[in-house]
Amino acid sequence: MNSGEGKVVCVTGASGYIASWLVKFLLQRGYTVRATVRDPSNPNKVDHLLKLDGAKERLQLFKADLLEEGSFDSVIQGCHGVFHTASPAVFDVDDPQTQLIDPAVKGSLNVVKSCAKSPSVKRVVLTSSIATALFSGRPRTPEVVVDETWFSNPEFLWEKKMWYQYAKTSAEEVATKFLTENNIDYVVMNPAVTIGPLLQPELNGSSYLIFNLINGSETFPNFTFGWINVKDVANAHINAYEDVSASGRYCLAETVMHFSQLTKVLSNIYPTLQIPDKCADDKPLMPTFLISKEKAKTLGIEFIPLEVSLREIIESFKEKKFANF
């Protein structure tokens, strides 16, 4: 018997990159999935979900808006679990409050308030980000291991105008505070930059990072990021939901790598692609660091290697004809 048979769960922001894989794997495990999207009539947002195995029988689509109070009430009513993944993942914004902070923070609060109104909800899984741990003010160097006890400092992020990181950090803070105060069981997933195959027909924020490297960019950014495969992230969410002993936060990263290294790996896999070998600035390269895998491994995640993730995402670009190569 599948682990999810007979159980109803909700996935918010179901058309997103991680969420689409989450829906796919939940359906595979036998769950009935209530999926919320902003616009269920937009084929770009829902067609790939409706094609999934089990979707005909066990996928229900609902319209819900993060900024509309109570819009998740009826969807969550009767659900055993809620996966809250809906949150804008945009990095270039003109109006951070409206584009990022409100939907992330008020949206999370709206969803958890709906959870509190539904006595059926046994556990909430929040999709946060490694960004909510990386900016604690402690230096990151090659020996330093970032783990679940690290929390980003919102004042620092605000001062530095790191709006995406600020929005995710604030959203995790308000949601977990509310869930704790209302005695609702929850776990938090903190994935690094997520790559791998795409189910949705459009490029998402993290995919652009790789897409730009193969699509004519002359330089690579001076950044060091943690990287992880989208399938590992989706499975970690479900395992954390199903494992009674799971609790707190989970850092999810297969490896940490600077773009200078990543481009070398890409060139080795795809020697014919034009991949930049110059850094975008003359500053010293941002140092690497480590992200702990210990807690994530307790969820049974074995971590797909970065090389495989890179190959999968580029094959995905080819298949979806995002680029001609």
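Phenylalanine 303 is found in the loop between α12 (294-297) and α13, a convenient place to begin a walk through this predicted model. Most residues other than glycine have a negative phi. Phenylalanine 303, although not a glycine, has a positive phi of about 65°. The residue is also buried, because its relative accessible area of 9% falls under the 20% cut-off.

A second residue makes a good companion to this one. Asparagine 183 is not a glycine either, and has a positive phi of about 50°. Its place is in the loop between α8 (163-181) and β7 (186-191). Here the surroundings can be read from the accessibility: asparagine 183 has a relative accessible area of 72% and is therefore exposed, the cut-off for that class being over 50%. Side by side, then, phenylalanine 303 is buried, whereas asparagine 183 is exposed.

Helix α13, which was met above as one border of the loop holding phenylalanine 303, spans residues 306-319 and packs with helix α9 (residues 205-214). Two packed helices are described by the angle between their axes and the distance between the axes. For this pair the angle is about 75° and the axes are 11 Å apart. Because angles of 65 to 115 degrees count as roughly perpendicular, α9 is roughly perpendicular to α13. On the α9 side, Ser207, Ile210, Phe211 and Ile214 take part in the contact, and they meet Leu310, Ile313, Ile314 and Phe317 of α13. Sorted by class, the contact of α9 with α13 has 7 nonpolar residues and 1 polar residue, with no charged residues.

Helix α9 lies within a stretch that carries a record. The UniProt annotation "domain: NAD-dependent epimerase/dehydratase", from an unreviewed entry, covers residues 9-246. Over these residues the chain is 43% helix and 18% strand, and the end C-alpha atoms are 18 Å apart. Serine 108 offers a closer look at one helix, α5 (residues 96-117). With a relative accessibility of 6%, serine 108 counts as buried. Leaving aside residues up to four places away in sequence, serine 108 touches His84, Pro103, Ala171 and Ala175.

The cysteines complete the picture. The structure holds 0 disulfides. Cysteine 79 is in no disulfide, and the nearest cysteine sulfur, that of cysteine 10, is 5.2 Å away; a disulfide would need the two sulfur atoms within 2.5 Å. Cysteine 79 counts as buried at 0% relative accessibility, and cysteine 251 is buried with a relative accessible area of 1%.

How values were computed:
Residues are numbered from 1 along each chain as its sequence is written. This is a predicted model: local features need pLDDT of at least 70, side-chain atom pairs count only at pLDDT 80 or more; totals for chains, interfaces and linings use all residues. Side-chain values use heavy atoms; hydrogens and water are left out. Buried means under 20% relative accessible area, exposed over 50%, partly exposed in between (1.4 Å probe, protein chains only). UniProt positions are given in the numbering used here, feature names are shortened, and annotations may be inferred rather than shown by experiment. Helices (H or I, at least four residues) and strands (E, at least two) are DSSP runs, numbered from the N terminus. Contact means heavy atoms within 4.5 Å. Axes are lines fitted to C-alpha atoms, for helices over the stretch in contact, and angles run from 0 to 180 degrees between N-to-C directions. Angles under 35 degrees count as roughly parallel, over 145 as roughly antiparallel, 65 to 115 as roughly perpendicular and the rest as oblique. Ala, Val, Leu, Ile, Met, Phe, Trp, Tyr, Cys and Pro count as nonpolar, Asp, Glu, Lys and Arg as charged, and the others, Gly among them, as polar.
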